[in-house]
Amino acid sequence: MSEASGDRFIIGREAPADVIVPSPLASRQHAELTVTEGCATIHDLQSANGTFVNGQRVDQVQLVEGDTIHFADAPYVFSGGRLHEASSSEGQAAQSETASGSRWQRPTSWVVTSIVLCAATIVAVVVFTNVGSGSLGGPSLFDRPAGVEDFVGKVQQSVVTVHCISDGQTATGSGFALADGTETGSARTVITNHHVIADCAHGGGALSVDGDGFTSDAAVEADDSDSDLASLRIDHSIPSLPRATKPEVGMWVAAFGSPHGIAGTVTFGTASNVLAESQLVMTDAAINHGNSGGPLVNAAGEVLGINTFRIDEASTVGFAVSWPTLCAQVISCTPGEKW
């Protein structure tokens, strides 16, 4: 851990933070560590992707020797009154210990708003609004839709693969067109994740998208690194997907995108949990590298979220950030609801 004057240390993605967290998912000012004689306290600074101690998301808590702390996906160990960067294998080991109950003994009065354990690479960031049952799925949002082949084909028309070429390297992710409200239509704005296009923002490289029978150049319209969201302008119009209401635990969901660059991929699962305080939704639909930016939809084909990162290589747990964050930071949406 970097030295700083006094007993307060700011942890964040970039200077002037005292401890630089090497992850694009960390906020610029992510958390604060206060160290006094015999006492150390970690305080989350309203970060976008959370601070986690031994697998539990926290706002503020006192640390003890050996605690594992994750700033978004970056693992650290608290030892000797200092933060020490941990390897991914150490983070995964801490996750296993937490799951087995051998380490986690914190009081239940902690403010816990989600359960993200370590080494994040891809998760589902979820967007919400006031839409009814929709037209693509069956009558129940808890059931697999009738005619899954037709359901998948309709949603896939709105999904693209995003390519960012910078300094001879290509980053690949996913994206989709999102309707401004409940009605679908054609759109040239594509929603994706900031980390997919980060190297190509501000003229840093060449952006393009591959869609259903077309390829188009793309330009960044707006992006926000803290919320890991971005919008692109493309030359080709594609059908837009309607937004969904707040999901309920057990609802059927599908994750669309281009994992490992393989376009046209879809996996199925459920909304495993709905964490209203953090405006997060957890899903067990399999999400892999390259799904970033693709839509998570319900049985009616309505967008629940944006696939962003998974907890770790062995996990199928994903989470979501509410659509008001997307609308406040990246695009203009109506109506401006919260849930």
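This passage describes the strands, helix packing, cores and unusual backbone sites of a predicted model.

The N-terminal region is considered first. Five strands form an open sheet, arranged in the order S2-S1-S3-S4-S7. The pairing in this sheet is mixed. S2 (19-20) and S7 stand at the edges. Each has a single partner strand, so one side of each is left without a neighbour in the sheet. Strand S1 pairs with S2 in the parallel sense, over two bridges. Here the bridge partner of Ile-11 is Val-19 in S2. S1 also pairs with S3, in the antiparallel sense and over four bridges. In that pairing, Ile-10 stands opposite Glu-32 in S3. S3 (residues 31-36) then pairs with S4 (residues 39-44). This pairing is antiparallel and runs over six bridges. Thr-34 stands opposite Thr-41 in S4.

The loop between S1 (8-12) and S2 contains Pro-16. The peptide bond from Ala-15 to Pro-16 is cis, with omega near 15°. Two further backbone sites stand out by their phi angles. Asp-228 has a phi near 55°, a positive value in a residue other than glycine. His-260 is not a glycine either, and its phi is also positive, at about 55°. These features are notable because most residues other than glycine have a negative phi, and most peptide bonds are trans. Both residues with positive phi lie in loops. Asp-228 falls between strand S16 (214-224) and strand S17 (229-239), whereas His-260 falls between S18 and S19. Their surroundings are not alike. Asp-228 has a relative accessible area of 1%, so it counts as buried. His-260 reaches 58% relative accessibility and therefore counts as exposed.

Two other loops were examined. Asn-54 lies between strand S5 (51-53) and strand S6 (56-58). Asn-54 is buried, because its relative accessible area is 5% and the cut-off for buried is under 20%. The side chain of Asn-54 makes a polar contact with the side chain of Asp-67, at 2.9 Å. Gly-66 sits in the loop between strand S7 (60-62) and strand S8 (68-71). With a relative accessible area of 25%, Gly-66 is partly exposed. Gly-66 and Ser-79 are 13 residues apart along the chain, yet their C-alpha atoms are separated by 5.5 Å.

Helix H2 (residues 148-156) has a buried side. Its buried residues are Val-148, Phe-151, Val-152, Val-155 and Gln-156. They cover an arc of only 125° around the axis, which means that they lie on the same side of H2. The spacing fits a general rule. An α-helix has 3.6 residues a turn, so residues three or four places apart point the same way. The face of H2 turned away from the buried side carries the exposed residues Glu-149 and Asp-150. The buried residues of H2 pack against four strands: S12 (159-166), S18 (252-257), S19 (265-275) and S21 (295-298).

H2 also contributes to the largest nonpolar core. This core has 36 residues. The residues with the most contacts inside it are Phe-151, Phe-256, Val-297 and Leu-326. H2, S18, S19, S21, strand S22 (303-307) and helix H4 (323-329) each supply at least two residues. S18 gives the most, with five. Val-297 shows how distant parts of the chain meet. Leaving aside neighbours within four places in sequence, Val-297 is in contact with ten residues, among them Phe-151 and Val-155, Trp-252 and Phe-256, and Val-303 and Leu-304. A second, separate core has 19 residues, including Ala-40, Val-61, Leu-63 and Ile-69. Such grouping follows a common trend: in soluble globular proteins, nonpolar side chains tend to be buried together.

Aromatic rings also meet in this model. The structure holds four aromatic pairs. One of them joins Phe-71 and Tyr-76 in an edge-to-face arrangement. Their rings are 5.5 Å apart, centre to centre, with 65° between the planes. Both residues are buried. Elsewhere, Phe-151, Trp-252, Phe-256 and Phe-268 form one aromatic cluster. Two of its members, Phe-151 and Phe-256, are also among the residues with the most contacts inside the largest core.

Notes:
Residues numbered from 1 in each chain as written. Predicted model: local features only at pLDDT ≥ 70, side-chain atom pairs only at ≥ 80, totals over all residues. Heavy atoms only, no water. Buried < 20%, exposed > 50% of the residue type's maximum accessible area, 1.4 Å probe, protein only. Polar contact = N/O pair within 3.5 Å; in protein donor to acceptor, adjacent residues only side chain to side chain. Arc of directions from axis to C-beta. Contact = heavy atoms within 4.5 Å. Phe/Tyr/Trp six-rings, centres within 6.5 Å; stacked < 30°, edge-to-face > 60°. Core = buried A, V, L, I, M, F, W, Y, C linked by side-chain atoms within 4.5 Å. Pairing = 2+ DSSP bridges.
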